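Please read this briefing alongside the sequence and the coordinates shown below. The lead sentences set out the conventions, and the bullet points then go topic by topic.

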Amino acid sequence: MKHAVFVFSEDQLGYKFSETHPFNQKRLVLTIDLLREMNALPKDLIVPARIATDEELLLAHDERYIDIVKKAGRGEITPEAGESYGIGTDDTPIFENMHEASARLVGGTLTAVDYVMEGKAQHALNLGGGLHHGFRGKASGFCIYNDSSVAINYLKSKYNARVLYIDTDAHHGDGVQWSFYDDPDVCTVSIHETGRYLFPGTGNINERGSGQGYGTSFNFPIDAFTEDESFLEVYRTSMKEIIDFFKPDVILTQNGADAHYLDPLTHLYGTMNIYKEIPRIAHELAHEYCEGRWIAVGGGGYDIWRVVPRAWSLVWMEMNNFPVPSGKLPESWTAKWQPESPVKLIDTWEDPPNLYKAIPRKAEITDKNLQMLNKALYMIRNK
């Protein structure tokens with residue numbers, strides 16, 4: 001059995017709205033190239049992403065919606081006709097072959113699931129996945145099909161698995177949460193910037209699930225300008241309590257890299273320190289509770305040059321028990337990509353000192369997050 005496999009196909013780069021859209025799969029190319037320059041990604045660990053079948057997409061999406069996405073990708077409907085399905089909007093424009101490109105991202109996550117659940121690898125990473133805003137019959141927030149929702153239902157139907165989904169994207173994992181809001185065998189956890197300031201505006205701590213699924217939905221909305229220490233306090237403390245309460249068979253983590261200070265679409269003040277700890281703790285918990293079964297996907301991340309390649313590389317390094325890298329990035333990588341980058345690349349694994357000015361409200365923000373955490377933990381302990 002391999003420690004981990006890396007799911008990727010060139011076809012995953014076809015998920016592209018436009019040259020100027022913030023969701024840019026160039027970040028996959030940059031990450032893979034960085035790992036190769038580190039000699040951390042041998043070819044025999046790369047597994048091609050298959051395309052999800054319509055039957056598999058129906059695990060989380062309506063047949064009518066899938067048909068509309070197909071027609072849109074063939075140029076058979078106008079943006080106006082697609083708007084009620086969330087496509088043809090500024091966030092999720094129509095592009096050629098959008099069904100095939102979207103189904104390939106879903107298929108990548110299903111490939112990762114099969115490798116882990118069939119015992120061919122303990123861990124699997126599909127950085128092309130993580131499209132957590134997609135709904136059953138509507139696209140949202142750059143997400144057409146929701147690969148995590150499909151994968152969780154696939155895990156349940158094919159492997160009879162009890163699934164813990166952990167989402168550390170700066171945006172609330174709304175599409176996945178609502179898909180399993182009444183399901184007692186799926187626990188969704190989202191640590192995100194409060195919806196008071198940020199899309200999609202949901203993810204309050206009182207969103208706990210419904211019916212038989214009450215008490216299996218957990219949200220930790222942290223304040224804007226939250227820094228590393230407070231973010232990690234919420235993450236470490238909540239995850240240990242939740243996994244001990246839920247006792248899953250497998251962990252699926254969504255690894256959005258947009259909680260970083262440099263991300264242009266969010267207001268959190270994270271640094272690379274959180275991207276070292278997030279996968280480390282997930283890895284540790286997977287071995288402690290799930291015999292190592294850990295599937296990871298990508299997600300948000302809109303500073304594709306300075307943040308995403310470093311953050312996502314750390315997930316793969318952790319999966320393979322490689323030492324946490326420090327010091328300079330490979331000079332060959334920096335030299336190769338700096339001419340193309342619109343910003344000066346950061347050439348170290350750590351962020352530069354004094355990345356941002358001190359936050360005057362740091363103590364207030366930290367206390368506010370702690371109060372939120374304690375309130376949420378009280379709910380867990382008194383379900």
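What follows covers the sheet, two helices, the aromatic pairs, the cysteines and one loop residue.

This is a predicted model, in which local features need pLDDT of at least 70 and side-chain atom pairs count only at pLDDT 80 or more, whereas totals for chains, interfaces and linings use all residues. Residues are numbered from 1 along each chain as its sequence is written, and side-chain values use heavy atoms, with hydrogens and water left out. Helices (H or I, at least four residues) and strands (E, at least two) are DSSP runs, numbered from the N terminus. Buried means under 20% relative accessible area, exposed means over 50%, and partly exposed lies in between, with a 1.4 Å probe and protein chains only.

**The sheet and its edges**

- An open sheet of 8 strands is arranged in the order β2-β1-β3-β8-β7-β4-β5-β6 with parallel pairing, where two strands pair if DSSP finds at least two bridges between them.
- The edge strands are β2 (46–47) and β6, each of which pairs on one side only.
- At the β2 edge, β1 and β2 pair in the parallel sense over 2 bridges, and Val-7 stands opposite Val-47 in β2.
- At the β6 edge, strand β5 (residues 186–193) runs parallel to β6 and is joined to it by 6 bridges, with Val-189 standing opposite Phe-218 in β6.
- In strand β6 (residues 217–222), 6 of the 6 residues are buried, so the strand is largely enclosed by the rest of the structure.
- In a regular strand the side chains alternate between the two faces of the sheet.
- In β6, Ser-217, Asn-219 and Pro-221 point one way while Phe-218, Phe-220 and Ile-222 point the other way, and all are buried.

**Helices α5 and α12**

- The 20 residues of α5 should span 28 Å at 1.5 Å a residue, and its end C-alpha atoms are 29 Å apart, which agrees; the expected span is 1.5 Å times one less than the number of residues.
- Of the 20 residues of α5, 18 are buried, so this helix is largely enclosed by the rest of the structure.
- Gly-119, whose phi is positive and near 80°, follows α5.
- Helix α12 (residues 362–381) has 20 residues and reaches 28 Å from its first C-alpha to its last, close to the 28 Å expected.
- Ile-365, Asn-369, Met-372, Leu-373, Ala-376, Leu-377, Met-379 and Ile-380 are buried in α12.
- These buried residues cover an arc of only 150° around the axis, which puts them on the same side of α12, the arc being that of the directions from the helix axis to the C-beta atoms.
- On the other side of α12, the exposed residues are Ala-363, Gln-371, Lys-375, Tyr-378 and Arg-381.

**Aromatic pairs and charges over rings**

- The structure holds 17 aromatic pairs, counted for rings of Phe, Tyr and Trp (its six-membered ring) whose centres lie within 6.5 Å, with planes under 30 degrees apart taken as stacked, over 60 as edge-to-face and the rest as tilted.
- Tyr-15 and Phe-17 form an edge-to-face pair, at 5.2 Å centre to centre and with 75° between the planes.
- Phe-17 and Phe-95 also form an edge-to-face pair, at 5.4 Å centre to centre and with 90° between the planes.
- Phe-17 lies in the loop between β1 (2–7) and α1 (26–37) and Phe-95 in the loop between α4 (79–82) and α5 (98–117), so their pair ties together parts that are 78 residues apart in sequence.
- Phe-17 is buried at a relative accessible area of 7%, and Phe-95 is buried at 8%.
- One aromatic cluster is formed by Tyr-15, Phe-17, Phe-23, Phe-95, Phe-142 and Tyr-302.
- Arg-27 lies over the face of Phe-23 at 4.5 Å from the ring centre, and Arg-208 lies over the face of Tyr-214 at 5.2 Å; the criterion is NZ of Lys or CZ of Arg within 6 Å of the ring centre and within 35 degrees of the ring normal.

**Cysteines**

- A search of the whole structure finds 0 disulfides, a disulfide being a pair of cysteine sulfur atoms within 2.5 Å.
- The sulfur of Cys-187 is 11 Å from the closest cysteine sulfur, in Cys-290, which is too far for a bond.
- Cys-187 is buried, with a relative accessible area of 0%, and Cys-143 is buried, with 3%.

**A loop residue**

- Ile-51 is found in the loop between β2 and α2 (54–57) and, at 34% relative accessibility, counts as partly exposed.
- Ile-51 and Ile-359 are 308 residues apart in sequence and 46 Å apart in space, C-alpha to C-alpha.
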